[in-house]
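Grab a pencil and let's work through a few exercises together. Try each task yourself before you read the solution.

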Amino acid sequence: MSANVAKLRVRDEDFLVASMIERCPKTMMIRELLKNAMEAAAAETGVAGRVEFSPLNLGEVTKLAIWNTGRGLTAAELDQMCDIASSIRKETGLDRNFGMGAKVAALPSNQLGMRYRSAHEGTVHEVVIGKYDGVYGRLLRADAEGAMAGVLPATEAAAAEGRDAAGEWTEVVLMGNDEQQNTVTDPYNGNPRSPAAWLYEAVRGRFFRFPANLDIVFCRGIAGLRDDRSLVSTADSLAALEQYEAVRTPEGIVIHYAFDPRLVDQTVRHPSMPWASNEGRLALVHRDECYGVLRGALWLKESPSFGIPFLARGISILIELPDDYPVLTDAYREFLRYRNDRQDQVKPNDFAALVVKHQPAWLIELLASAMPDADYLDDVLAEMSLLLEEMGVALRRPGQAPRFAPPRAPDPEREREREGEPEPPPFKAEKPPAILLLRNSADVSERGLTYRAAAYYPETHQLHVNLLYPAVTDVAQSLASWERPELDLEGVRLAAQLAAERSMVARVARSLAYGLAKRGRPREWADGHLRVVFSSEALTLAADDIRTGQAEIEAIFNEALKAVGPAAAPDEAA
């Protein structure tokens, strides 16, 4: 240690330890415990490792046990392991092991205790850590001589529970926060509540791959299983699908695209995994673990930003970053941060443009087959294209993932050289967005548009329009009520629907075009202002402006009526 440094010390150690523990997200508990178990089980080269999740009956109450093979711990190592920032046979570092993950993540939900047992060279030892008399620490109990100790021999007790001391293994049992709490089905004592498949999702939802030569087993009684079952990793499950492709980008990122048609039909469940959730998802993957996971309603709502306007329920996209990508985990390993000055949180949307750019051909074809269309869209797009050109809206590609090269300082000599360079390329106007028409109530709901007229996704430059919105249905009903006894009634209804749709789509498209014209003017229209301009609420107000667009509506309707046939003669109608 340098003679010029006075090392910082901790004045209130109890407060610091409690603060670290009680601020940790509870849902990181299984990740930390399983990571420790996998590392220990996979450490023995050439030997198949095993991790088991099993129910353990302690009296009349069932507790969750996590057991793993791998070199066990001595009594001294078991005692040392309990300290914060202490780890056994692991290298500590910001991008490696923190030495506090499992303890910090699990103790908030197991203040009654976490019982660790480990078998090494034929002997089992035990330690229990929890919160006792308001302090986190080891539970002191009387040993064979009557002395109070934190670590006790437990060979006979382990044998009584079916654990053989002859092998090398480690086990942790979660006691929870209440003596009557079943930690297999209710790991957080109701806060938060846990679905039946919570453990399956905590494992497979977090770990994209499992180490090679390692078997992770859910034993009978876990997640409703009647027999022991080995887990198949997400990576292996996706690769087994008929429609799956892993695309490597020039940046070294691998994007996994997969479609499971069984998931689109919500009435069908996987016969082999009745206890698993059935839904597509999006996630970042780094060093075989998933971050920023979007699933369920969140994925369905955000999927258009990643070029998935339809079928998102059955589509999964995993964005796998290289091991050396410039990111690191936060203190509790809940999310990733960039290794830059600001350490911004890494979000899947940072890579949306990359996901769209590298969509495989089979996925593009699949999405095209599911996309509804209308004859009038060409007219709307042509009008919008002309408007964008007239207003001088410059072409802008969706943003790519952040670049980490430092900005270059101004170079006066280079500026002088540029004086003799040729003129910049001619101006290119922004292209109109892809307009996707939503006529299905499920599609509308998934995008959060039940009470909105449209949504714009700048990442993919797509405009999704809700044709079930009242600005369409009300106008269509009003137009259809006009008396046209000489025309076919059904034809009039269809003309009214067309006029109502086309006019609202045109109003929303024009509003978006005016919004796009505000880009590139940061002094007048900052990013926050643009988010409002592009919001579903702003586009909805444009859709609601029926009165201003009344002349356009009537003109479209009258033009559509020209194609309607005459009403059937009375005898023909009979």
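**Exercise 1.** Which residue forms a salt bridge with Glu-171, and how far apart are the closest N and O atoms?

*Solution.* Keep in mind that this is a predicted model. Start with the basic idea: side chains of opposite charge can pair when their charged atoms come close. Now look around Glu-171: its partner is Arg-163, and the closest N and O atoms are 3.1 Å apart. Next, check the surroundings: both Glu-171 and Arg-163 are buried. Finally, zoom out: the two belong to a network of salt bridges that also links Arg-50, Glu-52 and Asp-215, among others.

**Exercise 2.** Sort Arg-262 and Asp-260 into buried, partly exposed or exposed.

*Solution.* First, find the link: Arg-262 and Asp-260 form a salt bridge, with 3.0 Å between the closest N and O atoms. Then recall the cut-offs: buried is under 20% relative accessible area, and exposed is over 50%. Asp-260 has 7%, so Asp-260 is buried. Arg-262 has 39%, so Arg-262 is partly exposed.

**Exercise 3.** Describe how helix α15 and helix α17 cross.

*Solution.* Begin with the axes: those of α15 (residues 489-516) and α17 (residues 536-544) come within 8 Å and cross at roughly 135°. That angle is why α15 counts as oblique to α17. For the handedness, the crossing is right-handed. Last, list who meets whom: residues of α15 including Met-504, Arg-507 and Leu-512 meet Ala-538, Leu-539, Ala-542 and Ala-543 of α17. Sorted by type, the contact has seven nonpolar residues, one polar and one charged.

Key. Residues numbered from 1 in each chain as written. Predicted model: local features only at pLDDT ≥ 70, side-chain atom pairs only at ≥ 80, totals over all residues. Heavy atoms only, no water. Axes fitted to C-alpha atoms, helices over the stretch in contact; angles between N-to-C directions. Helix = DSSP H or I, 4+ residues; strand = E, 2+ residues; numbered from the N terminus. Parallel < 35°, antiparallel > 145°, perpendicular 65-115°, else oblique. Left-handed = near helix turned anticlockwise from the far one by under 90°. Contact = heavy atoms within 4.5 Å. Nonpolar A, V, L, I, M, F, W, Y, C, P; charged D, E, K, R; others polar. Salt bridge = Lys/Arg side-chain N within 4 Å of Asp/Glu carboxyl O. Buried < 20%, exposed > 50% of the residue type's maximum accessible area, 1.4 Å probe, protein only.
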